[in-house]
Structure formats: structure tokens, C-alpha cells
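Hi everyone, thanks for coming. Today I'd like to walk you through the empty spaces in a structure that may be new to you, so let's get it up on the screen.

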Amino acid sequence: MQDDDPNPIRILKQEILSDDYCQLKKVSFTQRRRDGSVQEHTREVYANAGGTAVLLYNRERRTVLLTRQFRIGAHLAGHDGSVIEVPAGNLDDTAPGEQARAELCEETGFRGRALRKMIEFFPNPSSLTETVHCFLGEYGERDRQGPGGGKEEEGEDIEVLGMDVDETFRQVKAGCIADAKTVILLQFLREELQVPNDPYSGGRGKIVQWTVFPPTRSIIASTAAT
């Protein structure tokens with residue numbers, strides 16, 4: 001690598017280790033450091049076309065539409081693996097907004113209205129090529145298109161939750177909602193709503209209801225301060 005080379009990174013070799021769910025590559029490259037010296041590195045990187053995530057808000061009921069499903073990565077990290085998150089999916093060759101709408105119907109049974117893109121971010125730039133396109137939108141009962149729950153043939157078993165928006169903010173603070181894309185989208189929603197009695201600031205809680213779709217049962221969660 002020449003000292004006058006404007007590009008400090010040079011890819012030496014890429015080897016495909018696995019090509020199942022997505023490509024796992026072993027990449028060798030050189031990096032010119034700030035002091036001018038050159039180092040060689042080898043990293044393993046998952047490569048895919050990116051993903052999309054969408055959070056829907058019901059203005060009349062002040063609820064958001066979330067999902068709960070098992071995630072093996074969270075389980076192996078010591079969590080029980082049951083993760084609350086926004087509907088999301090891989091892009092493949094589909095435009096982000098179009099894929100967001102498809103994932104909504106597939107996972108929750110609802111279609112979204114007034115979808116708008118809020119941010120695109122790298123969830124883990126050290127080991128993923130993935131970028132996630134995040135959307136906010138709205139929904140109501142008339143937007144229900146089907147039962148949701150995901151695709152059984154793909155191993156999906158998704159529970160759909162209509163959760164009080166203030167409760168979601170408390171759950172983020174308590175660490176019960178810890179999925180990155182979900183936390184980011186809830187933060188965007190919180191800023192849009194400009195919540196006057198911010199749950200992050202503490203204070204007494206209230207009794208809230210999580211609606212599980214299809215409406216076969218409800219979960220009552222007490223958030224009264226102790």
C-alpha cells in the first residue's frame with residue numbers, strides 16, 4: 001500500500017465459509033493506521049441485503065403494535081429468548097417500504113398507514129454488512145387483514161401485542177424491551193408524541209393492558225411504583 005494511496009483499506013482475500021441463512025465470509029485486509037503504519041487483519045463477516053423494521057401507533061388507543069417471539073441468539077446470551085420487538089424482516093431484492101408492509105401483514109395481520117422512514121443504521125458494523133431501514137406508521141382495527149403469527153413453514157411462531165405506549169417506554173427503561181431496532185423506533189415515537197409526563201423521569205405507574213392479537217387473552221401488567 002502506497003503512502004499516497006487515498007484509500008486506507010485494501011481487501012486482500014474473501015473466502016465464503018457458509019452460505020446457508022446468509023453468507024458468512026472470512027475477509028483478509030490491510031489497514032493504514034493514522035501514524036502511517038500498515039496492519040493486516042482477518043475478520044468474519046455476515047453479508048446480506050439488509051433489513052427493514054416498522055413500528056405502528058394507534059392514536060385513539062395510544063397503543064403500539066409489537067411482536068414477541070423466540071430468538072436463539074438472545075437465548076444463548078443468557079436471556080430466556082422470548083424477545084419483544086417491532087415487526088421486521090430481510091430485504092432480499094425488495095424496496096424497504098414495500099418489504100415493511102409485507103412483514104407487517106405476515107407477522108401481525110395488520111397493514112400500516114402513513115408509513116415514513118425515520119432512520120437507516122448499522123446494527124453491528126464490525127461483523128455485519130446489514131443496514132436496517134426503520135419506519136413509523138399508524139394502524140387501527142380496520143387495518144386488520146388477517147391473523148398474523150408469521151410463516152409456520154419458516155419456523156415462525158409470533159405472538160402479536162398491542163401495548164400501551166407509555167408502558168413500552170417503561171419497559172425500555174427496565175430492560176424488558178432490549179431489542180435495538182425496537183428501542184430506536186420507540187425513541188423516535190416518543191419524540192414525535194412529546195410525552196408530557198415522561199415515564200423515564202419516574203413517578204407513579206398505572207395499570208395497563210396488553211392486548212394479544214388475535215384477541216384470545218389479555219395480559220394485565222401492574223406498573224405501580226414500589
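So, the lining of the largest cavity: by class, that's three nonpolar residues, one polar and four charged. One thing to keep in mind as we go is that this is a predicted model.

Who are these residues? Tyr 57, Arg 59, Arg 116, Leu 136, Gly 137, Glu 138, Leu 189 and Glu 192 line that cavity. Two elements, β9 (132–138) and α4 (180–193), each put in at least two of them. The top contributor is β9, with three residues. As for volume, we're talking about 40 Å³. And how many cavities of 30 Å³ or more are there? Just one.

Okay, on to the pockets. The largest pocket holds about 1,500 Å³ of space. It has 42 lining residues, and the ones closest to its centre are Tyr 21, Arg 71, Glu 85, Asn 90 and Lys 181. Sorted by class, the pocket lining comes out as 17 nonpolar, 12 polar and 13 charged residues.

Which elements supply at least two residues each to that pocket lining? On the strand side, you've got β4 (51–58), β5 (63–70), β6 (82–85) and β7 (88–90). On the helix side, it's α1, α2 (96–108) and α4. We met α4 a minute ago, at the largest cavity.

Last stop, the surface. Phe 70, Ile 72 and Leu 76 make a nonpolar patch of about 360 Å² there. If you want to find Ile 72 on the screen, look in helix α1, residues 72–76.

That's my tour, thanks for listening!

Key:
Residues are numbered from 1 along each chain as its sequence is written. This is a predicted model: local features need pLDDT of at least 70, side-chain atom pairs count only at pLDDT 80 or more; totals for chains, interfaces and linings use all residues. Side-chain values use heavy atoms; hydrogens and water are left out. Patches are made of residues with over 30% relative accessible area and no salt bridge: like charges are joined within 9 Å, nonpolar side chains (Val, Leu, Ile, Met, Phe, Trp, Tyr) within 5 Å. Accessible areas come from the Shrake-Rupley method with a 1.4 Å probe; for residues, only the protein chains shown count as cover. A salt bridge is a side-chain nitrogen of Lys or Arg within 4 Å of a carboxyl oxygen of Asp or Glu. Helices (H or I, at least four residues) and strands (E, at least two) are DSSP runs, numbered from the N terminus. On a 1 Å grid over the protein atoms alone, a cavity is a set of points where a 1.4 Å probe fits but cannot get out, and a pocket is an open set with protein on both sides within 12 Å along at least five of seven lines; lining residues have an atom within 4 Å of a point. Grid points are joined across faces, edges and corners, and a volume is the space filled by probe spheres set on the points. Ala, Val, Leu, Ile, Met, Phe, Trp, Tyr, Cys and Pro count as nonpolar, Asp, Glu, Lys and Arg as charged, and the others, Gly among them, as polar.
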